[in-house]
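Q: Please take a close look at a single part of this structure. A connected account for someone who has not met it before would be welcome.

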Amino acid sequence: MKKGSIFGLVVIAIAIAVIISVYANTSTYGSFGDAEKTSSELHIVGHLNKAKELYFDATKDANYFSFYAKDNNGEECKVILKGPKPEDFERSEQLVLTGKMVGSEFHASSILMKCPSKYTQDKLETKEVKAKSASI
Amino acid sequence: MDIQFKGEHLLPGQIGQFFIVLSFGAALLSFISYYFATTDDAGKENSLWQKLGRAGFLVNLASIIGIGVCLFTLIYKHYFEYHYAWAYTSRSLPIYYILSAFWNGQEGGFLLWLFWQAVLGTFLIFRSKSWERPVMTVVAMSQVVLAAMILGVEIFGQRIGSSPFLLLRESMPAPIFSNPNYMEFIKDGQGMVPSLQNYWMIIHPPTLFLGFASMIVPFAYAVAGLWQKKYKEWVAPAIPYALFACMILGTGVVMGSFWAYESLNFGGFWAWDPVENASIFPWIVLVAGLHVMIVFKNTGHSYFTATFLVLLSNVLTWYSSFLNRSGILGDTSVHSFTDLGMFWQLVISIFIFLAISVWLLVSRWKELPITKKDEDTYSREFWMFVGAVFMGLSCFHLLVVTSVPVWNAIFHTKMAPPSDIKTHYNVIQSSFVFVIVLVTGFSQFLKYKKTDVSKFFVITGSYLLIAAALTALIAYTTGVYKLNFVFVLAMWGSVYSVLVNGKVLADAFKGKFKLAGSAVAHIGFSLLMIGALISAGTSKVISINNTGEAYNAEFAKEENPRENVTVYRNQPTKLGDYTVTYIGDSISSPNHWFKINYKKIDASGKVTEEFTLKPKVQVSKGTMSASPDTRHYLFSDIYTHITLTNAITPTEAGTESAEAAHDADNDDKNYDAPVSHEVKTGDTIRYRDGYIVLTGLNKEAKVENIPLSDSDVAIGAHLEIVSNGNKYSATPVYMIRNGNVYDFARKVDDAGLKLRFSKVIPEHKTVEIVVYQQPESKKKFVVMKAIQFPFINFFWAGTIIMVIGFFMSILRRKSELKTV
């Protein structure tokens, strides 16, 4: 066999290895219900339940933040983040939680928030325009 | 609509929109003309098509400048009837940020790209000589595709592109826009997002877009080579442009990394965010392609790989643009743009470049100069090729993982990225880096074409041993050895590459100056890797919170890095080797700086080192965004970032629900229950944070604006307060006026105290002092995170050295072109 072909085979082997390792490493998007069934980490897309309490008290523990989130199936769960409350958390429209269930609580290792107005100013800010016109 | 709106300035927008259409039309004309100049007028000296193509392209450049002038006019003049001006600027925005607001929106990004591509194209018209016609056909075509992105015109009910001259009332439906006088209510724009108000915003996007724009030039040469069947000739003139593109794009990406490190709260210089990854796809592939181009130029081997990689790099530029702008990364990235409704337009653009590449390769396949002969195992070219292929594999891995949302969209799957994504990337990418830097090292000992084998092994082996010894030393002193083994391997390879290329550089000064550029670039890259490995691998969070109470037993059992610490104002807290104190604030809207004092105290209590960092929080419209501040040392940085604070007042934050209780009755609620002390001069009162000494009584105290008659008495109590090692003084006053008793309390905000002089007790010759102290939760505090980044300067220095290396190579390859 020629050297070029051997090298080609090695490259293909590595490419396949990469795909397999990525595939094995990927986690899944799921619900709080799915999280209860597994012990591995997964991603949950949901939103903050703004009606319930957000607990964070920096004077007691700056690394404990808890809140209630609803996943896309409407299931609610208490979520704990081992860190301070992210900036503008209340304004988030969507949350992507990464973590796992511990008992009846979901322990998030990271939270990605989507605040619609942070980078592109759209709907939320439109309301402000209206409010201004009303007040004059 | 028949409403006559008042107060609008429609002219600049209409001129701008005209220029947009003109630029699109001129680019299209230029593309078609150059196409016929290449095909129909082939071989003709004096081609009318070529003249038309040139004219079209220059008109295109002029109209892009026209668009820029119009856009700048409406931003600068605060014409908030335009969505772009309204969304990204405000009247209070300083002039240099007004300039950068230009590329704040996606349309501005495309405009910048268009501009640079037009400049590069104009340069090519004058410099590319015989290559002008085919190369400019490709550049003009790319210009057409780009101009379509900002066209903002509806064709058959389908909007093409998004124009920066869109009016506010066209951009969103709102009842206010049925009022002809609506402009009277829009006094100000939304302003720039505070985290973008940074000098890097001025310089990073133009550099990055120049990098993206310059990817078209090597692509155009590769296409021209295939199209005109000049399979071998295109490589030499394309090399300097490829070097240029790599140099600029690399600089742009690292600038972004520096921006993130210096002033965004990512907690590092690289977060493996999909947007960051996407920006380096084209870079990696073009650097790989560049090496294979040199292989092909020297040996005639690897033609296909060189062409393939160069073509791929530009397709990936568009792919990365698609990832960032289509909104597809919504669930995985913190800073991707939202969809402007151009999802399919972006997809089509990728396919245009992909289709050209594939079609040319397939249709010319039989004629391609693909060599059947094997390359010599001990030739430099063979290993350059291997290194390039591994760069390709590294990019392949990045691409596969970053594109997870794309796979989900195509295959309707529900995969999520790996949950510990940073470790995943770090481990796999470090393995590739190990192979790549190793090759950049030992291939230097190989000769082009043929080498003395035994001599080669002796030299390579001895350098590897020296590198291993050095790596062991570095790994031990920095703590890298505690990490995953691949990081140590990558480190070894990088050290080896620095050594070998250092030797090549030394030889270069003795005469073989040709190789200096590549040696410098390799040294730069390896230093960059060493810096990244040490600083990312051994960065240490020094703000570990040991005092925080555990919430429940289960929570405490887990090993959780409590990386944030609460620091009260004027209350020193121990963080690692440092004693950290939050000593004050300075406010200049929208910025609120926190003065955080760091002291290193040795065993004898002497302060050996002291500095104050000023991380800031920017406040706008009730939202806050924090920027870190960093203390730079030669070999390590101390990074401090405010994660939360209660020191920003509601009025400062712009919320109108300011319930701040200013009246005296409510004021006591801010304090714990008062404690009274009966004391005489010289007595000490102890309280939670320290003690208070009554140093004396002043019988002739005065209170502002209150005149006293002879029968009145006013006594001041001189109090000295020592709180957490800081001294303060206060003089509360006791007063009898017209037979009534008053007392004037004094506050010591920094110590969180309020002191009253409430009674004189003549029979004991004592006085009563009432101490109010603020509960912990009412005291001002910041929650902060402090990270130590060792050797991060290697990362920045490596980048600069690499850029210098690229630049030297450009000069060398350019001079080669002239001599041939």
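A: A good place to begin is one pair of residues: B:Leu753, in strand 22 of chain B, stands opposite B:Val748. The model is a predicted one, in which local features need pLDDT of at least 70, side-chain atom pairs count only at pLDDT 80 or more, and totals for chains, interfaces and linings use all residues. Residues are numbered from 1 along each chain as its sequence is written, while chains are lettered from A and ligands numbered from 1 in the order in which they are written.

The pair belongs to an open sheet of four strands in chain B, with the order 14-23-22-21 and antiparallel pairing. Strands here are DSSP runs of E with at least two residues, and helices are runs of H or I with at least four, both numbered from the N terminus; two strands pair if DSSP finds at least two bridges between them. At the edges of the sheet lie strand 14 (675–679) and strand 21 (746–748) of chain B, each of which pairs on one side only. On average, neighbouring strands of this sheet are turned by 30° against each other, direction ignored; such angles are taken between lines fitted to C-alpha atoms.

The sheet can now be followed from one edge to the other. Strand 21 of chain B runs antiparallel to strand 22 (residues 753–761) of chain B, and three bridges join the two. Strand 22 of chain B in turn pairs with strand 23 of chain B over eight bridges, again in the antiparallel sense. B:Leu753 appears here too, since it stands opposite B:Gln773 in strand 23 of chain B. Strands 22 and 23 of chain B form a hairpin with four residues between them. In its turn, B:Lys765 has a positive phi of about 55°. Beyond the hairpin, strand 23 (residues 766–773) of chain B pairs with strand 14 of chain B over five antiparallel bridges. In that pairing B:Glu678 has B:Glu768, in strand 23 of chain B, as its bridge partner.

As for the surroundings, chain B has 23 helices and 24 strands. Its C-alpha trace spans about 115 × 85 × 50 Å along its principal axes. Of the 820 residues of chain B, 49% count as buried, that is, with 20 or more other C-beta atoms within 10 Å of their own, the C-beta atoms being placed from the backbone. Among the contacts in chain B with a separation of 6 or more, 69% join residues 24 or more positions apart; a contact requires C-beta atoms, placed from the backbone, within 7 Å.

Definitions and conventions
A residue is buried if 20 or more other C-beta atoms lie within 10 Å of its own, exposed if 12 or fewer, and partly exposed in between; C-beta atoms are placed from the backbone. Two residues are in contact if their C-beta atoms, placed from the backbone, lie within 7 Å. Axes are lines fitted to C-alpha atoms, for helices over the stretch in contact, and angles run from 0 to 180 degrees between N-to-C directions.
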